[in-house]
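Subject: The structure we talked about

Hello,

Here is the structure I promised to pass on to you. Have a look at it first, and then read my notes below.

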Amino acid sequence: MNTKKILVTPGDGIGPEVTKQAIQVLNNIAPRFGLQLELTEKPVGGAAYDLTGTPIPDETLEAAKNSDAVLLGAVGGPKWEALDFSVRPERGLLKLRSELELYANLRPAVIYGDLVNASTLKPEVVDGADLMVVRELTGGIYFGEPRGVEIRNGERVGFNTLIYSESEIRRIALVGFDIAMKRGKKLTSVDKANVLESTELWREIVTEVGKDFPEVELSHMYVDNAAMQIIRNPKQFDTIVTTNMFGDILSDLGAGLMGGLGLAPSADIGLKQAVFQPCHGSAPDIAGQGVANPCASILSSAMMLRWSFGLHDEADAIEQAIEGALAEGY
Ligand code: IPM
Ligand code: MG
């Protein structure tokens, strides 16, 4: 039997409740396809901080490194907002991404037939939209040094560094082209090359990598325009490849198209490991009420089957079940 070791890190807020539903779906799917799942649970985020004083204990990191895939819920909440920056729940997530070198973040935005009306945009604008944001996840301004807040000329200044090396750009560009090849063979690289040197280099390297993918139609777009175009005409996009922070923002726009973050799954892919999680946060305001939408978590588990295990039929089955449930009006 095909055994897969999955680490489950439910995290905070609605994380545990949506993750529970995803696990139920996985446990239901597994026997039908002759799949054996070995699930282990470890803390992350505020939950981990409360238990151990750190948002990602070594034990969780080790377990992540030793598993075939990680299913994560969500991290963060007002309870931990006053903590020192270095131990905030979000740092746990960022450390997991950097320690496992999860450099490629895939965030699909697909409009499920019955949900065209869930979007705040006109149905004819969103109907049929299907785009994939490939976001660089372990570099850029999220991790660049120097960073901090310090006194300069008698006042506090806050600073971060937007830095990308050629190799970092090349490897995420490759993912972008690979995915575009499997999709509609159209790749839009999003940057701010008119203002930021680091993304001028980004554009240059993406163009270079593109020479090996003559079948993919490559275009470049400034991020401000991309934000406007996603709202104006999302169907012009197939695959988008972009930096860490631009991808953070544009993928929420993608979720907005779908009718909300409750439907948006994501995959953080690295050289060896991968973490699957909803795009949404911990939604502390609705946690524990049984009203959180588990679709994003369930769809993330489908992404896990597809991207980590190559189990396409199983992933299709989950996605179809979601579509079916939505079609029934749930
Ligand atoms: C996301 C989130 C995270 C990010 C936060 C929680 C650190 O917004 O996964 O998009 O900014 O990457
Ligand atoms: Mg985000």
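Please keep in mind that this is a predicted model. I began with the empty space inside. Searching the whole structure for cavities of 30 Å³ or more turns up 1, and it holds about 40 Å³ of space. The approach is easy to picture: rolling a probe the size of a water molecule over the atoms shows where empty space is left.

Which elements give two or more residues to the lining of this largest cavity? They are strand 4 and helix 9 (244-258). Helix 9 supplies the largest share, with 4 residues. Among the lining residues you will find Arg107, Pro108 and Ala109, along with Met258 and Cys279. By type, the lining has 7 nonpolar residues, 2 polar ones and 1 charged one.

Next, the largest pocket, which has a volume of about 430 Å³. Its lining is made of 17 residues, and those nearest the centre are Met132, Arg183, Arg306, Trp307 and Glu319. Two strands and three helices each give two or more residues to it: strand 4 (104-110), strand 5 (130-136), helix 6 (166-182), helix 10 (295-307) and helix 11 (312-327). The largest share, 4 residues, is from helix 10. Here the lining divides into 11 nonpolar residues, 1 polar and 5 charged.

Now please find ligand 1. Around ligand 1 are Glu90, Arg97, Arg107, Arg135, Tyr142 and Asp248. You may recognise Arg107, which also lines the largest cavity. This shell counts 5 charged residues, 1 nonpolar and no polar ones. Three side chains are worth zooming in on. A polar side-chain atom of Tyr142 is 2.6 Å from an oxygen atom of ligand 1. In the side chain of Arg97, an N or O atom lies 2.7 Å from an oxygen atom of the ligand, and for Arg135 the corresponding distance is 2.8 Å. Taken alone, ligand 1 would expose 320 Å², and the protein buries 78% of that.

One last thing to look for is the aromatic rings. The whole structure has 2 aromatic pairs. One of them joins Phe177 and Phe213, which are stacked, with 4.9 Å from centre to centre and 10° between the planes. Phe177 belongs to helix 6, while Phe213 sits in the loop between helix 7 (197-210) and strand 9 (217-222), so this pair ties together parts that are 36 residues apart in sequence.

Enjoy exploring, and write back with any questions!

Best wishes

Technical notes:
Residues numbered from 1 in each chain as written. Chains lettered and ligands numbered in written order. Predicted model: local features only at pLDDT ≥ 70, side-chain atom pairs only at ≥ 80, totals over all residues. Heavy atoms only, no water. Near = heavy atom within 4 Å. Polar contact = N/O pair within 3.5 Å; in protein donor to acceptor, adjacent residues only side chain to side chain. Areas by Shrake-Rupley, 256 points an atom, 1.4 Å probe, with all protein chains shown as cover. Nonpolar A, V, L, I, M, F, W, Y, C, P; charged D, E, K, R; others polar. 1 Å grid on protein atoms, 1.4 Å probe; cavity = no way out; pocket = protein on both sides within 12 Å on 5 of 7 lines; lining within 4 Å. Points joined across faces, edges and corners; volume = space filled by probe spheres on them. Phe/Tyr/Trp six-rings, centres within 6.5 Å; stacked < 30°, edge-to-face > 60°.
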